[in-house]
Amino acid sequence: MPPIRILVVDDSVVARRIISEILSEEDGLEVVGTAPNGRIALAKIERMRPDLVTLDIDMPELDGMETLSRVRAAYPEIDVIMVSNLTLRGARVTVDALFLGAADYVTKATQTTSAEAARAHLRDQLIPKIRALYLGREGSAVPARTVARQAGTTAPKRPAKVGIVAIGASTGGPNALADVLNTIPKGLVAPVVIVQHMPKNFTAFLADRLNSRCALTVREAENGTVLAPGDAWIAPGDLHIKVRRNGLTTEIVTDDGALVNSCRPSADVLFTSVAKCYSASALAVVLTGMGQDGLEGCRAIAAAGGRIVVQDQQTSVVWGMPGNVFNAGLADAVLPCAEIGPEIVRRVGFRS
């Protein structure tokens, strides 16, 4: 494959240099130019037609959000990765950028971090995300609606009534979650619990955005939250969530335990607890995302007799998480994102 051609856009000379050096050190990546603001970036995009743009949020003349909006309108084939600060404003604007069509984001290190640590922080996020976006785009896609559950992991012939929907997502997840939750009417007769890989603060803004768009009530989960049908809870950034029985109710437990699959929150942690609490009445949904978080949790859910639906390759930004579950033979169905919400409703039911 030809190298991935990248334009680096940041108003900081130091940031442009560091990001350019990080990218230039990697085989298969080529920095074709840099720009200090959106106005210059748009002119260079028109001439250079890069494959990908790394885009700072705070810039003079034309900021990252307006630049993103114009790039998505004029050049929808170009991927954009936002470069965000770990601040409340950075979190809010980054979530907005994802809903505007940014493929992903990376966060800058805090000002107290050493120069080398800040560089490593960016490199460790940026390179895997770029490679994940392009990995497998030349391969053949798995058809949607594939039924893939292998022998030995078959659920009961008459599946138990679904008592919970557990969703895992990463890269591309915010828009996929919006598409799924938008098609679920108020009155779903099971609770929904979600892990979306995001840092602290980001998930609160994500919950607010989804809540404003969906019939379901969507909130950021808290320790001790009691699950109720028809509501959706998102794991807070930098905390794992589990479900556990507490008498006649089921509640969410948060903890700051070790990273799992380099993630906190982790879909594996949630799914494994769901398998223990709900066994055959669990429904897991694995949406777009890089890596294999959720795979072991899906094994637990399948072994307990629960059901698993994954997003198809064609509609996934990155078919890592759902693809790994599919390739392990654990999925009951592979569906386009637009069909997953109706599938959840079909399996769960709702009160009108």
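**A salt-bridge tour**

Start by selecting Arg17, which counts as partly exposed at 44% relative accessibility (buried means under 20% relative accessible area, exposed over 50%, partly exposed in between, with a 1.4 Å probe and protein chains only). Before moving on: this is a predicted model, where local features need pLDDT of at least 70 and side-chain atom pairs count only at pLDDT 80 or more, while totals for chains, interfaces and linings use all residues. Residues are numbered from 1 along each chain as its sequence is written, and side-chain values use heavy atoms, leaving out hydrogens and water.

Now add Glu21. Its salt bridge with Arg17 has the closest N and O atoms 3.6 Å apart (a salt bridge is a side-chain nitrogen of Lys or Arg within 4 Å of a carboxyl oxygen of Asp or Glu). Both residues sit in helix α1 (residues 13-24), four residues apart, about one turn of the helix (helices are DSSP runs of H or I, at least four residues, strands are E runs of at least two, and numbering goes from the N terminus). Glu21 is partly exposed too, at 31%. Bring in Glu25 and Arg119, and you have a network of salt bridges linking them with Arg17 and Glu21.

Next stop: Arg92 and Asp96, whose side chains meet in a salt bridge at 3.7 Å, N to O. They are four residues apart in helix α4 (residues 88-100), about one helical turn. Arg92 is partly exposed at 37%.

Last, pick Arg307 and Asp332, a salt bridge with its closest N and O atoms 3.2 Å apart. Arg307 lies in strand β13 (residues 307-311) and Asp332 in the loop between α10 (321-327) and β14 (333-335), so this pair ties together parts 25 residues apart in sequence. Arg307 is buried at 17%, and Asp332 is buried at 7%.

Want to keep going? The structure holds 21 salt bridges.
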